[in-house]
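Here are a few short exercises to work through with the structure in view. Try each one yourself before reading its solution.

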2 protein chains.
Amino acid sequence: MSKQYFKNLETAEVGEQRSVDELVDNIRFNEQGLIPAVSQDIVTGEVLMLAYMNIEALKRTLDSGHMTFWSRSRQTYWRKGEASGHVQNLIEMLVDCDGDALLCKVEQSGPACHTNRRGCFYLRVNGDTAIVEVMDSI
Amino acid sequence: MSKQYFKNLETAEVGEQRSVDELVDNIRFNEQGLIPAVSQDIVTGEVLMLAYMNIEALKRTLDSGHMTFWSRSRQTYWRKGEASGHVQNLIEMLVDCDGDALLCKVEQSGPACHTNRRGCFYLRVNGDTAIVEVMDSI
């Protein structure tokens, strides 16, 4: 059903609308009940991190405007910044064509990465070498 | 071991290097042997799509410079653009802090989405409404 839901939207006109409740009910979570959510800085365009939401984390994120994930390692909800104060406010959320990935444009306070770097993608592959780098803007 | 590998890199100095072979050997694929790979347009900063690589797809991508995924639905390798001609060339690859997500900065020929849209994230959540939109640049 949910696969068909997104299939039907493929040919929708620009501006066509659905209710968010309906959309969320059709989101295609994986076998673990999770969907990957990419956080992108709405100002700089940097991709800051990728984490996972279950349906409850997704609803909490939409309701509160605070990015909330499901921690697979700790098996608990994880409201970004609840410990560090480095909150991530949701500005825009987009769902992809087949309903199994989220792109969240956010305002990030302080570093997004637990290593205190601005973002999590700081290991750059360069030919045969991987280099630790400061994450820069595009 | 691979978790510790990335833990050790957390405190690495900027500019510190590892071999890519070593990095790839330590990548933390999920229970299905997959890692999510985010494709970002290197020119516009748009997040174009999210798909999955297994270790062989990752190696093919690094060797060829052509983004190559593992299709979960078709259970086969999928070199982006092999059918459509809309190839995605890898310009930069970054690995995240815990080694379980990839950020790939790419040159995209034509639309990245199978719906012929520029990118896959075209369903925008706006309050209680989801809206079909043309994907725009940041």
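**Exercise 1.** Find the residues with the most contacts inside the largest nonpolar core.

*Solution.* Bear in mind that this is a predicted model. The largest nonpolar core has 71 residues. Those with the most contacts inside it are A:Val38, A:Leu102, B:Val38 and B:Leu102. Now take B:Val38 and leave out residues up to four places away in sequence: in its own chain it touches B:Val47, B:Leu50, B:Leu102, B:Leu103 and B:Cys104. Across in chain A, B:Val38 touches A:Val38, A:Val47 and A:Leu50.

**Exercise 2.** Work out how chain B is related to chain A.

*Solution.* Start by laying chain B on chain A: a turn of 180° with a shift of 0.0 Å along the axis does this with an RMSD of 0.0 Å. The two copies are therefore related as by a two-fold rotation axis. In chain B, the C-alpha nearest that axis belongs to B:Gly45, 2.9 Å away from it.

**Exercise 3.** Describe the side of chain B that touches chain A.

*Solution.* First, the contacts: 45 residues of chain B meet 45 residues of chain A. Next, the elements of chain B that give two or more residues to this side include helix H2 (20–26), strand E2 (35–41) and strand E3 (47–53). By class, the side has 28 nonpolar, eight polar and nine charged residues. Finally, 100% of the interface residues of chain B are also interface residues in chain A, so the copies meet through the same surface.

**Exercise 4.** Find how strand E1 (residues 17–19) of chain A pairs with E9(B).

*Solution.* These strands pair in the antiparallel sense, over three bridges. Look for A:Arg18, which stands opposite B:Ala130 in E9(B).

Notes. Residues are numbered from 1 along each chain as its sequence is written. Chains are lettered from A and ligands numbered from 1 in the order in which they are written. This is a predicted model: local features need pLDDT of at least 70, side-chain atom pairs count only at pLDDT 80 or more; totals for chains, interfaces and linings use all residues. A nonpolar core is a set of buried Ala, Val, Leu, Ile, Met, Phe, Trp, Tyr and Cys residues joined through C-beta atoms within 7 Å. A residue is buried if 20 or more other C-beta atoms lie within 10 Å of its own, exposed if 12 or fewer, and partly exposed in between; C-beta atoms are placed from the backbone. Two residues are in contact if their C-beta atoms, placed from the backbone, lie within 7 Å. Copies are superposed by least squares on the C-alpha atoms of residues with pLDDT of at least 70 in both. Helices (H or I, at least four residues) and strands (E, at least two) are DSSP runs, numbered from the N terminus. Ala, Val, Leu, Ile, Met, Phe, Trp, Tyr, Cys and Pro count as nonpolar, Asp, Glu, Lys and Arg as charged, and the others, Gly among them, as polar. Two strands pair if DSSP finds at least two bridges between them.
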